[in-house]
Structure formats: structure tokens, C-alpha cells
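Work through the exercises below with the sequence and the model open. Each task is followed by its solution in steps.

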Amino acid sequence: MALDRSFKDQVEFAAYCREWLAKNRPEPTRIPLPQAAYEVTLPEHREYLEDWQNKCYKAGLIATDLPVEYGGHGFEGFQQVATSEVQKANVPYFINWIGLGMAAPTLLTHGTESQKRNFLPTIFSAKDIWCQGFSEPGAGSDLASLQAKAERKGDSWIVNGSKVWNSLGALASWMLLLVRTDRNDKYGGLTYFVCAMDSPGVSVKPIHKMTGESGFNEVHLEDVVIPDDQRVDEVGAGWKVAMSTLTSERGAATGVGAVASSDSPMSHVERLVDLAKSTTRNGLSSWDDPAVRDRITRLYVRVSALVENGKRAQSKHLSGSAMRLPLQFKLVHSEILQEIHQVALSILGPSSSLYVGDADAVEEGKWALGYMNTYTNTISGGSSEIQRNILGERVLGLPKTK
Amino acid sequence: MAVPRDYAYDEEQEMLKSAVKRFVSDIEPLSSLRSSLAGTEDPHLGDTRLGYFDLDAWARMTSLGWQALALPEQAGGADMGLVSAVAVVEEIGFGAMPSPLGVTLESSFLLREMNSEAALEVSRRIVDGEAVTWGFMTSEGSLDVSVNGVQENEGVLKGAVHFVQDLQKCKALLLPATNSGRTAWFVVELDSPGTSIKRDRIVDLTRDQGSVLFENVQATQLSDYLPDNQVYQRARPALLTLISADIAGSAEWMLQTTVEYAKTRIQFDRPIGFFQAVKHPLVDVMVHIDGTRSLVYAAAATFDHEREGALPAALSAKASASETAEFSANRGTQLHGGIGFTWESDVQIYHKRLIHSQHLLGDGMHHRRELAALL
Ligand SMILES: Cc1cc2nc3c(=O)[nH]c(=O)nc-3n(C[C@H](O)[C@H](O)[C@H](O)COP(=O)(O)OP(=O)(O)OC[C@H]3O[C@@H](n4cnc5c(N)ncnc54)[C@H](O)[C@@H]3O)c2cc1C
């Protein structure tokens with residue numbers, strides 16, 4: 001998949017990305033896309049987004065820095081550039097976000113040579129969509145208490161159990177699957193597999209979210225047969241592999257080109273400023289209300305800090321201890337996004353009650369919908385509370401909560 | 001010119017920063033500060049407090065040239081820019097060191113904007129080891145020369161400046177004065193005839209502060225007469241960024257010290273850091289500090305490489321730093337319990353330096369108001 005051209009440096013590559021994105025921006029869909037990849041369910045959206053991701057892949061914006069033998073483009077230091085250009089270009093998100101942001105990095109680190117060669121190219125092209133089967137009804141924050149189990153039978157494993165909150169499960173052809181192979185060892189008794197969603201015994205049942213949208217699912221596994229060559233890393237090494245998946249999930253902004261939502265946090269603040277400027281109440285623009293303006297400016301400063309954290313994390317001398325900045329990203333990002341939406345609802349006042357589908361709803365009701373969807377980020381992938389435990393324990397070295 | 005991705009912070013800055021860190025930790029500034037405070041503790045009954053100044057430490061610092069790092073080569077300075085200055089000041093903040101280094105570095109960024117032989121002459125004095133401060137605040141604390149500013153007439157100044165930092169540690173003061181609505185910068189020797197100094201009794205134990213009154217004082221003009229106090233406006237992003245760096249350093253000390261305490265103080269049979277009501281706010285302090293630190297280096301690099309964007313970057317840095325100062329001081333004392341409330345604990349020293357810095361040159365609200373106008 002190597003791009004058959006070379007670039008002098010990041011600046012030249014950035015210019016190429018910008019030009020390509022400007023020329024190839026797809027026409028909008030007939031029915032508007034959901035705000036993020038998490039909520040895609042319609043076949044026409046799926047096709048449209050698969051096609052878009054595949055084009056971006058071919059153009060070198062995805063898997064930019066990965067080796068050619070795994071379907072990458074073999075550049076060095078260009079992925080960040082591509083990702084940031086994609087985010088600035090206001091184009092659709094990549095549907096295979098879990099594939100790009102979680103499956104690919106996990107397989108690159110823990111997969112066998114043949115797993116990498118088999119799975120990575122179709123992740124990049126969006127031919128295969130991936131989902132993540134970790135959470136269970138009884139195992140959320142305390143993920144390692146999960147009960148779905150795999151039992152060895154010759155060269156295969158027989159899997160039984162239930163997964164829940166499985167995003168994109170209804171569209172996916174492959175699943176990252178964490179199951180129990182030893183009942184007597186909480187952490188050491190877990191093993192990691194990749195599971196074909198069309199295997200007999202896999203059934204998927206959509207769940208509706210508080211927004212009314214669908215997108216995540218219950219997944220039941222009944223005597224599902226998984227060949228041993230779909231095991232990732234050693235038997236009993238599942239916890240370690242799952243942690244590496246979650247680390248990618250939480251910092252997935254640059255990864256191998258993963259963009260789950262094409263809006264950068266700064267673009268949200270800009271839209272908030274626009275909203276305040278265009279909203280009047282009691283004859284005054286909301287932007288002229290000093291209390292509103294201070295709240296928005298405070299968010300602007302926090303978003304600027306987040307952006308600069310991203311840059312400082314890359315700097316050789318100023319990044320501090322290795323995990324200190326990267327582990328903050330998801331926590332800070334998700335909480336700022338939530339507050340941005342809270343402030344937007346305050347500015348809208350009574351019309352914040354108008355939802356998607358109401359003809360008078362400001363910006364088609366996107367603020368109310370977006371507000372609710374911000375809880376996706378503060379809950380999933382380890383809640384904000386769990387992120388604070390992790391930062392307190394792993395970075396500050398405080399005693400473990402358990 | 002674009003801001004370099006890594007803020008142009010290289011081996012050179014890293015070596016400088018660790019040298020300052022080692023220096024500050026070797027001289028243990030707080031233990032000598034403490035002996036100077038004996039007998040002055042009680043605000044109602046205690047003796048008058050003089051600003052503490054370790055002359056020997058200053059001599060050693062100046063022999064290494066840190067006070068002159070941002071001055072132009074023409075004056076014998078190292079011409080290193082704000083990123084380097086910020087790296088040094090962060091360590092001064094980490095050690096809560098009583099020192100005129102901060103105000104002298106600030107003065108050097110003002111001097112750089114004055115473009116005159118006289119300003120170079122003052123710069124040479126700094127290179128030779130003299131500490132210089134600056135200030136033009138009114139008694140209500142506004143930094144606006146058009147309100148109650150010092151007046152100049154034929155080289156003679158009349159008026160007063162207030163809230164001048166580290167006054168007792170310095171020989172000379174830089175200030176703007178107006179004449180028929182236009183402003184020029186001057187230098188005044190603090191012991192010159194007609195000058196009187198009123199020392200403030202302040203909360204912060206690591207700094208000193210005061211007012212300077214001018215009754216027909218002879219001053220040397222350093223800049224042309226320009227509208228809008230341009231010298232200050234051009235240097236201002238650097239001044240805001242330097243104070244923000246001091247905060248980032250002090251707040252990091254507060255974080256590390258409180259984390260250490262939370263690991264060792266046992267209550268309910270566990271180290272208190274086990275409890276999430278202790279653990280989570282400490283994480284939030286870290287998040288505040290890291291945001292501030294990133295904005296400080298971004299503002300410094302913007303000042304050095306992309307001057308036209310320097311003001312918003314510096315306003316963001318100080319807005320963020322002011323919140324970090326308030327929050328880290330607040331959690332630092334609270335999570336230490338009774339011991340953190342004592343005079344004996346260094347937590348109180350940092351707490352006071354932090355809230356002093358929080359309000360220096362304007363707090364978060366103040367800078368957000370100005371920033372909002374640019375959004
Ligand atoms: C939109 C969405 C999409 C998702 N997609 C997927 C997916 O694709 N695949 C997948 O496997 N999972 C997915 N999840 C599941 C997600 O990872 C879990 O919801 C999450 O880990 C929290 O688990 P829980 O819902 O069981 O909440 P619980 O763990 O029951 O938590 C309830 C509350 O208690 C708090 N809490 C729990 N333990 C502690 C503690 N030790 N200290 C402090 N507070 C604590 C939590 O922070 C939370 O506030 C998704 C979730 C959402 C909301």
C-alpha cells in the first residue's frame with residue numbers, strides 16, 4: 001500500500017494532506033451522520049464511511065508510519081501530521097475507530113507475525129470493522145472480575161458468556177475478546193483472543209442509549225469455537241494485553257490515524273463562542289454577559305493547555321516522567337468536552353429543551369444530543385474516577401484503591 | 001517564523017535548568033530564611049520584618065551569569081530568550097527562593113524594548129551583578145500610566161509607585177513616567193535624594209514589597225517618548241510568563257510534598273493517600289500544573305519566535321497559572337491537616353508565595369477578561 005511518492009519533510013507532507021483533503025472531501029450524506037462513530041447503525045452510513053476511510057488509507061493518511069509488510073505506508077514521523085490535518089479539515093470520522101485505535105496497536109505489540117499480516121491491512125481499509133468485547137454485566141470498572149470463559153479443546157477454544165456495551169458490535173466482523181481461562185486467578189486467569197463475529201454461537205442484540213440512538217450491543221457467546229491461532233499472546237497474559245488496548249484507547253488521538261470524532265476540542269470552543277455571539281436574551285448577546293464570557297474563556301484556556309500538553313508530551317526534555325502527560329489526556333479531554341456542552345445548554349436556556357427533530361432546535365439540536373453523548377467519554381474506556389485512580393497510583397505513586 | 005514543536009528547549013536549557021535546581025537545593029533557601037524570621041512571626045506583636053536576602057547566594061548566582069541570560073550580547077548578556085529564562089524561574093519557584101532574580105530577569109525584558117545606550121548601560125550593571133526591579137502600579141493596584149502615574153519634567157520625577165516587588169534587594173528601579181500624555185521609561189537609583197521608600201508588611205515571606213515616593217527625583221531617561229506605554233506592552237507577555245513559571249515551580253513542590261505526606265501519614269490504619277477524597281484532588285492538582293506548564297513553555301516559545309501571537313499565549317498562561325496557584329495552595333494546606341496550618345511547616349511558605357503570585361500582575365479573571373476580547 002506504499003504511496004508511490006516521497007516527501008521532503010513534515011511541512012511538505014502536511015501540505016499534501018491539506019490539498020488531498022480539500023479535493024476529496026465527500027458530499028454530505030442524505031440522512032446526517034451521527035456525531036461520532038459510536039452511533040453508526042444505518043447501512044448507507046456504513047458504506048459511505050467505509051468508502052471514505054478506504055480512500056484516506058490509500059491516500060496515506062492512515063497507517064502512515066507503519067511498515068509496508070503490514071499494509072502501512074512506511075513513513076516516519078508523518079502520522080501525527082496526517083491526523084492533525086484530518087482533524088482540522090472538518091471531514092467525516094473514521095468508522096473503524098476501534099480497529100485503528102485499539103485492535104491495530106494491540107496486534108502490532110502482541111500479535112504473531114501472521115496475525116499482523118492477516119488482520120492489519122483490512123483494518124486500515126475498513127474492509128473489516130472491529131469491536132471490543134471486554135465489559136460484562138457484572139464487570140465494568142472492575143474489568144478483571146469478568147466471567148465469560150474459554151475452555152481448551154484440542155487446537156481450539158470453546159467460549160461461553162455475555163459481553164455488554166459492545167460498540168459497533170452490530171457492524172463488526174471481528175471482536176477483541178477478553179475471557180477467563182482460569183477461575184482461580186483473577187488477573188492471571190485471563191486470555192485475549194480475536195473472534196470472528198460470524199462464528200456460530202455469536203449473537204448480537206442492540207441496546208438504545210439515553211439519547212435514543214443505538215450503537216452499543218449485548219453480545220452473547222454460546223459454545224463459540226475459536227481456533228488457537230486467534231489467541232493473542234500467551235494463555236494467562238490477557239490482562240497485560242487488555243491494558244495495552246486500553247492505553248491505546250485512552251490516548252488514541254494519534255495512534256495509527258484513529259479519529260473517532262472529527263471535531264477537535266478547540267473547534268468545539270470556537271463553536272461555543274459563535275453560539276454565544278449569535279444568541280440574544282433580554283436584548284443582550286450572551287457573549288456580552290461577563291459571566292458567560294468568563295466561563296467560555298476559561299474553557300478556551302483549558303483546551304489550549306490540552307493542545308500544548310499534546311505537544312509537550314512529544315518534546316524530549318519537557319515531557320516529564322513517561323506516563324504523566326499521556327495518562328491525563330482522556331480524563332481532561334472528556335471532562336472539558338462535557339463542560340463545553342453544559343455551558344452551551346446554559347446559553348441556549350429554554351431552547352436547550354428542543355431536541356433533534358424539532359424544527360426550531362438550534363443547530364438541529366446538536367448541543368443537547370452532544371451533551372448526552374459526552375458521557376460516552378467520561379464513562380467508557382475506564383471512567384473518570386478510574387482514570388484518577390490510575391493517575392494517582394501509577395504517576396503519583398499513592399497507595400492502590402484496589 | 002513559526003514556534004518550534006519542542007519549544008526550542010534543548011540540551012542547553014536542560015543543563016541550565018538542572019544547574020539551577022541543584023544550586024537552589026544545595027543552599028536550602030528556606031532554612032536561612034527561617035532564621036531571619038525569628039521574632040517576627042506574630043503580626044500583632046512581632047518585630048518589623050525585613051525582606052530576607054542571601055547576598056552570598058546572589059553573588060554566586062551572578063558569577064554564573066543567570067541574571068544576565070536574557071540580556072543582549074552587546075551589554076555582555078547571553079541573549080538566550082524567554083524559554084531559557086522560564087526554565088530558570090521555574091526552579092526558583094520550586095525552591096520558593098527569596099531572590100531578586102525574578103524581578104531582574106523581568107527588568108531585562110523591559111530593558112530590551114528600550115533601544116538606547118542608557119538602557120544598555122543599565123543592562124551592563126545587571127551583567128556586573130546588580131539587581132534591578134521595576135514597577136508602576138498605582139495604590140489601587142492598576143497598571144495604567146494614564147491614571148495617577150508618575151510625572152516627568154526636565155528629567156525630574158514626581159509621584160509614587162506601589163507594590164514594587166523585591167525592592168529591598170535592588171539598587172535601581174525602572175519605571176515609566178508621563179509628560180504631556182506620552183510615556184518614556186526611566187531608571188532611578190533607590191538611594192537618590194528625594195526618594196523615599198515605604199516598606200509593606202506582606203503575607204508572602206519569600207518576597208519583599210513596597211512603595212517608592214518621588215519628590216523631585218533626578219532620573220535617567222531610557223527610552224523615547226512613545227504613546228500607549230509601548231515598552232511595557234511589548235515586554236508584558238514575558239513578564240506574565242515569568243510569573244506563571246514561578247507558579248508552575250512552586251505548585252509542583254506543593255504537589256510533590258503533599259503526595260509524600262499522603263503516602264506516609266496513617267489514619268484509619270492506612271496512608272491517607274489511599275482515600276479517593278485525598279487521591280483524586282491530588283491528581284487534579286497535577287492536571288492543573290501540567291496545563292500551566294505547557295502553556296508557560298508555549299507562551300515563552302511564542303514570545304521568542306512569533307511575537308505577534310505572544311500576548312494571547314501569555315494571557316492564557318497567567319490565567320491558567322493563577323488558578324493553579326490558588327488550587328494547589330488550597331489542597332496542599334487542606335490535605336496536610338493541622339501540621340500544614342502551622343508556622344513550622346514549609347507548606348505555609350509555599351502557600352503564601354503561591355497566592356501572592358496568583359494576584360501579581362492580575363489574576364485569572366482579569367486575564368480572561370482581556371483574552372475574551374481576542375476570541
Ligand atoms: C457509550 C459507551 C460505549 C462503550 N463501549 C464499550 C465497548 O465497545 N466495549 C466494551 O467492552 N465496553 C464498552 N463500554 C463499557 C465501559 O467500559 C464501562 O461502562 C465502564 O468501564 C464502566 O463500567 P460500568 O458501566 O459497569 O460502571 P461501574 O463500574 O459499575 O461504575 C459505576 C460508577 O462507579 C464508579 N466506580 C467504580 N469503581 C470505582 C472505584 N474503584 N473508585 C471510584 N469510583 C468507582 C464509576 O466511575 C462509575 O461512576 C462502553 C460504555 C459506554 C457508556
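Two residues are in contact if their C-beta atoms, placed from the backbone, lie within 7 Å. The structure is a predicted model, in which local features need pLDDT of at least 70 and side-chain atom pairs count only at pLDDT 80 or more, while totals for chains, interfaces and linings use all residues. Residues are numbered from 1 along each chain as its sequence is written, and chains are lettered from A and ligands numbered from 1 in the order in which they are written.

**Exercise 1. Describe the side of chain B that touches chain A.**

Step 1. Count the residues: chain B gives 33 residues to the contact and chain A gives 31.

Step 2. Assign them to elements. Helices (H or I, at least four residues) and strands (E, at least two) are DSSP runs, numbered from the N terminus. On the chain B side, two or more residues come from each of α7 (230-264), β10 (270-271), α8 (276-305), α9 (310-336) and α11 (364-372) of chain B. The largest share, 13 residues, belongs to α8(B).

Step 3. Sort by class. Ala, Val, Leu, Ile, Met, Phe, Trp, Tyr, Cys and Pro count as nonpolar, Asp, Glu, Lys and Arg as charged, and the others, Gly among them, as polar. The chain B side that touches chain A then has 18 nonpolar, seven polar and eight charged residues.

**Exercise 2. Locate the ligand with respect to chains and domains, and describe the shell around it.**

Step 1. Start with the chains: the ligand lies between chains A and B.

Step 2. List the surroundings. A residue is near a molecule or strand if its C-beta atom, placed from the backbone, lies within 6 Å of it. The ligand is surrounded by 23 residues, and the closest are A:Phe134, A:Gly140, A:Ser141, A:Trp165 and A:Ser383. The elements giving two or more residues to this shell are β1 (130-133), β3 (156-167), α10 (366-379) and α11 (384-395) of chain A. By class, the shell has seven nonpolar residues, 15 polar and one charged.

Step 3. Turn to the domains, whose bounds come from an automatic or database domain assignment. Chain A is assigned domain 1 (10-128), domain 2 (131-250) and domain 3 (265-395). Because domain 2 and domain 3 of chain A both give residues to the shell, the ligand lies between them.

Step 4. Relate these two domains to each other. The C-alpha centres of domain 2 and domain 3 of chain A are 32 Å apart. Their contact takes six residues from domain 2 of chain A and nine residues from domain 3 of chain A.

**Exercise 3. In chain B, characterise the contact between domain 1 and domain 3.**

Step 1. Fix the bounds: the assignment for chain B gives domain 1 (11-130), domain 2 (133-228) and domain 3 (229-372).

Step 2. Take the distance and the counts. Domain 1 and domain 3 of chain B have C-alpha centres 20 Å apart. In this contact, 21 residues of domain 1 of chain B meet 26 residues of domain 3 of chain B.

Step 3. Break down the domain 1 side. α4 (82-94) and α5 (101-111) of chain B are the elements that give two or more residues to it, and α4(B) has the largest share, ten residues. By class, this side has 13 nonpolar, three polar and five charged residues.

**Exercise 4. Which residues have the most contacts inside the largest nonpolar core?**

Step 1. Define the set. A residue is buried if 20 or more other C-beta atoms lie within 10 Å of its own, exposed if 12 or fewer, and partly exposed in between, with C-beta atoms placed from the backbone. A nonpolar core is a set of buried Ala, Val, Leu, Ile, Met, Phe, Trp, Tyr and Cys residues joined through C-beta atoms within 7 Å.

Step 2. Read off the result: the largest core has 148 residues, and B:Val86, B:Leu175, B:Phe186, B:Tyr297 and B:Ala300 have the most contacts inside it. α7(B) gives the most to this core, with 18 residues.

Step 3. Examine one member. Leaving out residues up to four places away in sequence, B:Leu175 touches B:Trp134, B:Gly135, B:Phe136, B:Val150, B:Val161, B:Phe186 and B:Val188.

**Exercise 5. Is A:Gly349 buried or exposed?**

Step 1. Place the residue: A:Gly349 is in the loop between α9 (329-348) and α10 of chain A.

Step 2. Count neighbours. A:Gly349 is exposed, because 11 other C-beta atoms lie within 10 Å.
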